[in-house]
Amino acid sequence: MADIATRASYGRALADLGEKYMFAVMDADLSGSTQTKKFADKFPERFINCGIAEQNMIGVAAGIAATGMPVFASSFAMFASGRAYEQIRNSVGHTKLNVKICASHAGVTVGEDGATHQFCEDIAIMRSIPGMVVISPADDTEAYAAIEAILKYDGPVYCRLGRQAVPVVFDPATYKFELFKAVPLTQGDDCAVFAHGVMIDRALQAYKLLKDEGIEISVINTHTVKPLDEQTVLEYAAKTRRVVTVEEHSVIGGLGSAVCELLSEKLPTPVTRVGINDVFGVSGKAGELLDLFGLNAAGIVRAVKEQLAK
Amino acid sequence: MEQSKLLYLRKKAAQIRRLIIEGVYNAGSGHPGGSLSCADVMAYLYFEKMNVSAADPQDPGRDRFVLSKGHASPALYAALALKGYFPAEEIKTLRKLGSRLQGHPDMHTVPGVDMSTGSLGQGFSAACGMAKAAKITGAKYHVYTLLGDGESQEGEVWEAAMFAAHYKLDNLTAFLDYNKLQIDGDVRKVMNPDPLDEKFRAFGWEVRFIDGHDFRQIEAAVSSGVKDKPLMIICDTVKGKGVSFMENAVGWHGKAPKQPEYEQAVKELDAALQEFAEVE
């Protein structure tokens with residue numbers, strides 16, 4: 001099966017869901033990139049382009065949601081969550097309004113656009129808003145299913161999507177998306193690897209490499225970063241006593257931080273965070289950048305072995 | 001406007017001003033100046049113009065009001081209390097721990113508040129969203145919003161202004177409380193937003209410039225909207241209007257009166273109310 005970007009899954013989901021549900025979709029001049037254009041072409045009366053004005057987009061989204069209509073608002077992660085942070089915090093978070101901020105082009109896999117567009121802090125800032133649900137789907141199957149799930153959920157959601165086409169990991173015929181549930185994909189007692197988004201595929205590659213060496217890891221798909229599925233995290237930390245977190249995000253404030261916050265209070269466990277180590281990105285191809293920052297199977301294998309050596 | 005209606009609205013504005021002072025005094029903090037300057041617009045909206053009812057605050061067909069200059073919450077709370085959304089006595093709990101009457105309006109705690117506001121610029125965008133939603137669904141309600149003149153320094157205001165004109169939101173009426181003072185001083189000295197009428201006109205709005213304390217002018221302006229354009233009514237007002245020592249005094253932007261000041265303000269406002277003792 002060909003690789004598919006999760007932003008494409010998002011656009012397809014919106015266009016399909018528009019037939020069943022009443023909601024509006026907004027964009028800030030990036031509808032081709034975020035793929036909201038698929039919805040816009042089909043339901044032009046419910047699509048609202050705000051031009052390059054993300055702060056107003058979020059404010060308008062809040063106003064629409066205040067009348068009872070759910071809204072999806074999209075741009076690149078940098079601008080949807082970064083530029084409009086305060087509007088999200090006050091007009092969407094505090095009000096608990098039904099706005100779904102679906103942000104594409106997150107992380108370094110934006111690629112050639114470089115540091116100004118590679119937002120690796122979005123989960124950190126969105127996670128800090130009280131009541132905000134933060135999700136990061138792994139592939140086409142999961143992203144497509146997640147969009148309907150967040151539409152049915154009444155309240156603010158931040159959904160992280162990618163630019164880069166990624167392998168389809170889950171079988172659409174059997175896959176069921178359950179919001180708030182971390183899903184173990186492999187079982188192994190040597191180390192628990194919590195990951196989300198594009199890193200799920202790479203964590204599964206690491207699983208195979210390690211298995212060949214006789215090391216068994218549990219890979220847990222933590223698509224909902226907030227609220228964290230504490231029960232599953234604690235269960236696997238207790239089982240393995242060694243934890244690695246993997247994400248295309250800063251090691252500050254993302255899943256790595258969320259897991260450390262939980263474990264340090266409830267079950268002190270050694271944790272290695274694989275992520276962007278408090279630096280800005282650079283231009284390059286998506287795959288090159290993931291390799292540059294150690295966000296690949298080799299990097300995960302290294303982190304697991306470090307844990308085992310402790 | 002008939003004389004009886006005029007007197008009725010002036011009485012409501014006087015009652016709003018009295019409650020503003022009651023609330024801010026009891027809170028020991030808050031924003032009296034910019035609440036007093038917009039009291040007449042609030043009286044006109046809640047007691048003449050808007051199709052709203054305290055009996056059904058969530059009626060989907062109701063007109064909406066968004067106080068984009070959320071720090072003027074005492075004026076909104078006063079209008080809502082007088083309209084019957086909650087007991088007027090409750091204004092004394094303003095800003096206190098456990099009160100519904102938060103420092104800035106909260107849509108989930110106060111019946112009648114259509115949007116939580118406080119961070120400047122955001123209410124204006126939300127009002128645009130409510131108006132746009134009505135265009136999508138065909139709902140017939142009208143959306144009103146009130147901005148401050150200092151608020152117009154926020155970039156988001158101009159993003160929203162562009163949006164409202166682009167989407168032809170003729171179901172949106174904005175008031176701009178042009179009281180010419182902000183925390184740091186004269187609006188024109190801090191960061192001159194003038195000429196606001198020309199700017200909004202250039203952004204595609206239908207614009208009126210009126211005396212914001214004159215109900216006849218408010219009424220004429222509100223009913224002068226045109227098809228396919230949002231309406232901006234710039235209200236020339238006096239900050240602190242109705243309390244002599246607060247009028248045009250920047251120090252009263254965000255400060256509560258102490259007891260002797262409170263007593264003086266009450267004396268003046270009660271005397272003003274006395275004029276309307278016979279008005280129903």
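This is a short talk on a few local features of chains A and B in a predicted model.

Hi everyone, let's start in chain A with helix α11, residues 255–266. At 1.5 Å a residue, its 12 residues should span 16 Å, and the end C-alpha atoms are indeed 16 Å apart, so the two values agree. Which residues of this helix are buried? They are A:Leu255, A:Gly256, A:Ser257, A:Ala258, A:Val259, A:Leu262 and A:Leu263. The buried residues of α11(A) pack against several elements of chain A, including α7 (122–127), β8 (191–195), α10 (230–240) and β11 (243–250).

Strand β11 brings us to A:Val243, which sits in that strand. Its relative accessible area is 0%; buried means under 20%, so A:Val243 is buried. Leaving aside neighbours within four places in sequence, A:Val243 touches a number of residues, among them A:Val259 and A:Leu263, both of which are on the buried list for α11(A). Another of its contacts is A:Phe194. Those two residues are 49 apart along the chain, yet their C-alpha atoms are separated by 7.6 Å.

Now for some backbone details. In chain A, a cis peptide bond joins A:Lys226 and A:Pro227, with omega about -5°. A:Pro227 lies in the loop between β10 and α10 of chain A. Chain B has a cis bond from B:Asp194 to B:Pro195, with omega near -5°, and B:Pro195 is in the loop between α7 (187–191) and α8 (196–202) of that chain.

Please also look at two residues of chain A with positive phi that are not glycine. A:Phe180 has phi near 80° and belongs to the loop between β6 (157–160) and β7 (183–184). At 30% relative accessibility, A:Phe180 counts as partly exposed. A:Asp278 has phi of about 60° and is found in the loop between β12 and α12 (286–292). At 57%, A:Asp278 counts as exposed.

Let's finish with a helix pair in chain B. How are α1(B) and α10(B) arranged, roughly parallel or roughly antiparallel? Helix α1, residues 3–27, packs with helix α10, residues 259–274, at an angle of about 165°, and their axes are 9 Å apart. Angles over 145 degrees count as roughly antiparallel, so α1(B) and α10(B) are roughly antiparallel to each other. Their crossing is left-handed. By class, this contact has eight nonpolar, two polar and five charged residues. Among those taking part are B:Ile21 and B:Tyr25 in α1(B), and B:Leu269 and B:Leu273 in α10(B).

Thanks for listening!

Definitions and conventions: Residues numbered from 1 in each chain as written. Chains lettered and ligands numbered in written order. Predicted model: local features only at pLDDT ≥ 70, side-chain atom pairs only at ≥ 80, totals over all residues. Heavy atoms only, no water. Helix = DSSP H or I, 4+ residues; strand = E, 2+ residues; numbered from the N terminus. Expected span 1.5 Å × (residues − 1). Buried < 20%, exposed > 50% of the residue type's maximum accessible area, 1.4 Å probe, protein only. Contact = heavy atoms within 4.5 Å. Axes fitted to C-alpha atoms, helices over the stretch in contact; angles between N-to-C directions. Parallel < 35°, antiparallel > 145°, perpendicular 65-115°, else oblique. Left-handed = near helix turned anticlockwise from the far one by under 90°. Nonpolar A, V, L, I, M, F, W, Y, C, P; charged D, E, K, R; others polar.
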